[in-house]
Amino acid sequence: MIRTSARIDSIDLERSHMIGKIQDCATFIAGSPRSGTTLMTALLDDHPELLVFPEEYLYVQPRNSPGEGARSVLDAVFKEKVLLRLKGKKNFLNDILGEDRKYDDFDYHRFEDAVNEYFRLLLENKDKTVRTSVTVTTLAFISLICGYGHATGKETYSRWVVKHPYYELYGQQLFNDFPDAKMIYVVRDPRDVILSRTLKRNKKRYLKRGGNAATWKSEKGSLRPSVRFLKEWERSIIAFLGINEAVSGQILPVRYEDLVSAPRDMMGKVSEFLGVPWQESLVTPSFFGRPWKGNSMQERTFHGVCSSGGRKKHKLPPHHLWQIEAWLDDVMVRQPGAYVPLRVPEGIDVKALVSWLRGEGVIDFLRNRLRMLANQRNLTGRMAFDRFKNSLGAKTTRRPPVSVFFNPGSKDESPCNDLSCLRWRSRRKATAPPESGVVRHHMKNMAASPVCDVHFGGPDMPAYRLRDLLAEHVAAVPPGGAIDWVTYYFRDQRLAEELLRAHLRGVKVTVTLERHPRTAHANDAVIAMLSGSNGLGAGFRTLSLLRAPTPPGIVWKPHLHEKLYCFSQPRPIAFIGSFNPSGDDPENDPAIISEIGDQDRGHNVLVGLGDPILVERLVEHARWIHRVRCAVFHRFSAIANQTVNGEDTDIHFWPRVRSHPAVQFLLRLGSGARIRIAASHIKGAPVVRSIIRLAHNGATVEILAEPTLRRVPVAAEESLTQAGIPFRRVTHPEGLPMHNKFVLAEKEGQRWVMFGSFNWTMRSYWLNHEIGAISANRYLFNAFAERWEVMHELTNL
């Protein structure tokens, strides 16, 4: 309950020095846990012009239940652990960190009454005291800072300081509530961060089992890094890169290694950044007016700044170092003061290899795969129940998830930030299916300004249109930007030269290419260019996937069949579709073109996705493909079976254990749906049967197919036409290929389009690395529908 007490003097709103300026002098210290944020806070603690809150506090989280009033917010604040520490409650964290966090001289009752009084004044005079629209939670936070200054007798100061390891993740709200705020972002070598967090985890477990803090040794416990620690460090760096670009000049990055090796120089920059005069106290860490002994996890106590920071990573076993660097390689070099990876060790044991593949131990790896298969079995059973109920003519009362390609019960822990801009919106949740029984995708239909570009190639378009599109985007990326490509065929030497020029001007370029495509030597010329002495170096890689065990006379050779082209600037965008840069200009090998088709003049498509969620995850995927050394277990991994949910588009990856997402989605539409399939490849009896099954479910199915019999055999055409499915081949007098791969689906006014690199073949279903998208974007649907009509006019009826 909010109350006022006679123990404090009356606070005059008009005369209070800081309450009217509280939004102008905010300073936040942020960074990944165990990166040095506490050290930075301790160095600022004793400055006479700074009010430093002694405990970390994340104010952006809501602190009351829906429907409760403003008073409940402050009540919830006073129940938090950080304030209970100020009250003198014993803290288990002190034993873990070895810290001396005592507030014997702190007048908690005076602090509590001051916070209550300030909160009351702010609520009554909100329009006079704050310059921007803020929530009640933010007002409670402002009251907390003002109350702490009042309780410590420091009501006049230039800036106030509060730290929390996750402030960088809440950039929009932070700088909306405090437009003139400044942030000090502390970054530390991830190998040292992971080691420190691992030791802290081990010590916590040791003490919870009844151990004594005095007898704990840092060697106790496994040093295997946690996947959560890896993800949190990566997410922190990406968030910092985003908000640093959005609010340039208001964030100061500080390398922990520079801070401990040259504290006077670094703290001089900090004092200049904060606009406060230099004080010797800036190089003498303190806590609540007392010397700070540090919170090292190496069983050391020190006074002042320890200069040995950044030297502990060598205590990690070699294969654990390898795991960290394999996971964070692309992020380590993009952060302030890039950290150089160590050498990959020789001789990795099997357990370490499996751990590296997915950041899991052997037991966790098998347990997670079994859980995934159990979820799939449960889902299949629920779908069978629906079909049984529908066969009886009864209304289904029990439904599978809204999107059958969701992993039931899974939670997405991916970072929510784009490569160059922070995503300032929360992840949307799927909506429940409507009562009418119509299958509704959880995406929103967007008719206004799309965040996607659609580019078609074809006989009615200028030649080399899609190749020139990629070349323009390569040329537009400035130094410091990034280009990430994964493709199947790459023969265009002029486009390869454009990539080399980008590499020379300072763009980080990674290209991953299928080493042995169907036409075995098609990529050799470009491979020689990009892998030579003047090539991309470590940025270029060819990938050859292991052949699956087969009976004699049968070849099951998987391919890297993805078509993915990502660019970080001028705006982050990722192109997916059916186009390979498989031609050359001038063309010097007509035999290869006659085999694979002239894709520079034939029917093709590239869709540029601008949704920050999709771009980020596609870039992550491209870099994962580039650095992975073993893809044998890929189909069993969470990466292969994940769904990347954008604003109105979902991305899926192959190979996978789970059912084909496009096929399952179309089966869910059921009777009354209209399905139009443009396919460059239809081959294999099981695939043909899956298309026929759509028609048997009551959907109207139409097919436009490639004219060559190798890609779409006569047997497949006959089976489809006998099932009553209209089937036409898109032919051209010059034999140009129809390489489009998309599906249009409609039902009761709802529309979806599916596109990507996947084919209607068994190899694509089960072996190849593919990318597919399912979108409810009306702009995309209309663009593909118009292209369908153009191709339909070219068919040979």
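**View 1. Strand 15 and strand 16 pair in the antiparallel sense in this predicted model.** Strand 15 covers residues 643-645, and 3 bridges join it to strand 16. The two strands form a hairpin, with 3 residues between them. Across this pairing, N645 stands opposite D650 of strand 16.

**View 2. Strand 16 also pairs with strand 24.** Strand 24 is made of residues 770-775, and its pairing with strand 16 is antiparallel, over 6 bridges. F653 has I771 of strand 24 opposite to it. Strand 16 runs through residues 649-654, and 6 of its 6 residues are buried, so the strand is largely enclosed by the rest of the structure. Both of its faces are covered. T649, I651 and F653 are buried on one side, and D650, H652 and W654 are buried on the other.

**View 3. An open sheet of 7 strands has mixed pairing.** The strand order is 8-14-13-12-9-10-11. Strand 8 (452-457) and strand 11 (540-543) are at the edges; each has a single partner strand, so one side of each has no neighbour in the sheet. Between neighbouring strands of this sheet the turn is 10° on average, direction ignored. Strand 8 is paired with strand 14 (residues 604-609) in the antiparallel sense, over 6 bridges. Within that pair, D453 has G608 of strand 14 as its bridge partner. Helix 18, residues 524-531, packs on the sheet and touches strand 10 (508-514) and strand 11. The direction of helix 18 makes about 145° with that of strand 11.

**View 4. Helix 25 lies across strand 8 and strand 14.** This helix consists of residues 778-793 and runs at about 10° to strand 8.

**View 5. An open sheet of 5 strands has parallel pairing.** Its strands are in the order 2-3-1-4-5. Strand 2 (50-52) and strand 5 (251-255) stand at the edges with a single partner strand each, so one side of each is left without a neighbour in the sheet. From one strand to the next, the twist averages 20°. Strand 4, residues 182-187, pairs with strand 5 in the parallel sense, and the pairing has 5 bridges. In this pair V186 is opposite V254 of strand 5.

**View 6. Helix 1 lies across the strands of View 5 and packs with helix 12.** Helix 1 is formed by residues 37-44 and lies across strand 1 (26-30), strand 2, strand 3 (159-163), strand 4 and strand 5. Its direction is at about 145° to strand 1. Helix 12 covers residues 263-274; helix 1 packs with it at an angle of about 70°, and the axes are 12 Å apart. The two helices are therefore roughly perpendicular to each other. Their crossing is right-handed. M40, L43 and L44 of helix 1 make the contact with M267, V270 and L274 of helix 12.

**View 7. Helix 7 is mostly covered.** Of its 16 residues, 15 are buried. Helix 7 spans residues 136-151; at 1.5 Å a residue, its 16 residues should span 22 Å, and the end C-alpha atoms are 22 Å apart, which agrees. G153, just after the helix, has a positive phi of about 75°.

**View 8. Helix 2 packs with helix 7.** Helix 2 comprises residues 70-78. The angle between helix 2 and helix 7 is about 50°, and their axes are 9 Å apart. At that angle, helix 2 is oblique to helix 7. The crossing is right-handed. On helix 2 the contact is made by A70, V73, L74 and V77, and on helix 7 by V136, T137, A140 and L144.

**View 9. F288 is in the loop between strand 6 and strand 7.** Strand 6 is 286-287 and strand 7 is 290-291. The relative accessible area of F288 is 18%, so the residue counts as buried, for which the cut-off is under 20%. F288 and F53 are 235 residues apart along the chain, and their C-alpha atoms are separated by 8.9 Å.

**View 10. The whole protein chain has 25 helices and 24 strands.** Of its 797 residues, 57% count as buried. Among contacts between residues at least 6 apart in sequence, 78% join residues at least 24 apart.

Definitions and conventions
Residues are numbered from 1 along each chain as its sequence is written. This is a predicted model: local features need pLDDT of at least 70, side-chain atom pairs count only at pLDDT 80 or more; totals for chains, interfaces and linings use all residues. Side-chain values use heavy atoms; hydrogens and water are left out. Two strands pair if DSSP finds at least two bridges between them. Helices (H or I, at least four residues) and strands (E, at least two) are DSSP runs, numbered from the N terminus. Axes are lines fitted to C-alpha atoms, for helices over the stretch in contact, and angles run from 0 to 180 degrees between N-to-C directions. Contact means heavy atoms within 4.5 Å. The expected span of a helix is 1.5 Å times one less than its number of residues. Buried means under 20% relative accessible area, exposed over 50%, partly exposed in between (1.4 Å probe, protein chains only). Angles under 35 degrees count as roughly parallel, over 145 as roughly antiparallel, 65 to 115 as roughly perpendicular and the rest as oblique. A crossing is left-handed if the near helix is turned anticlockwise from the far one by less than a right angle, and right-handed if clockwise.
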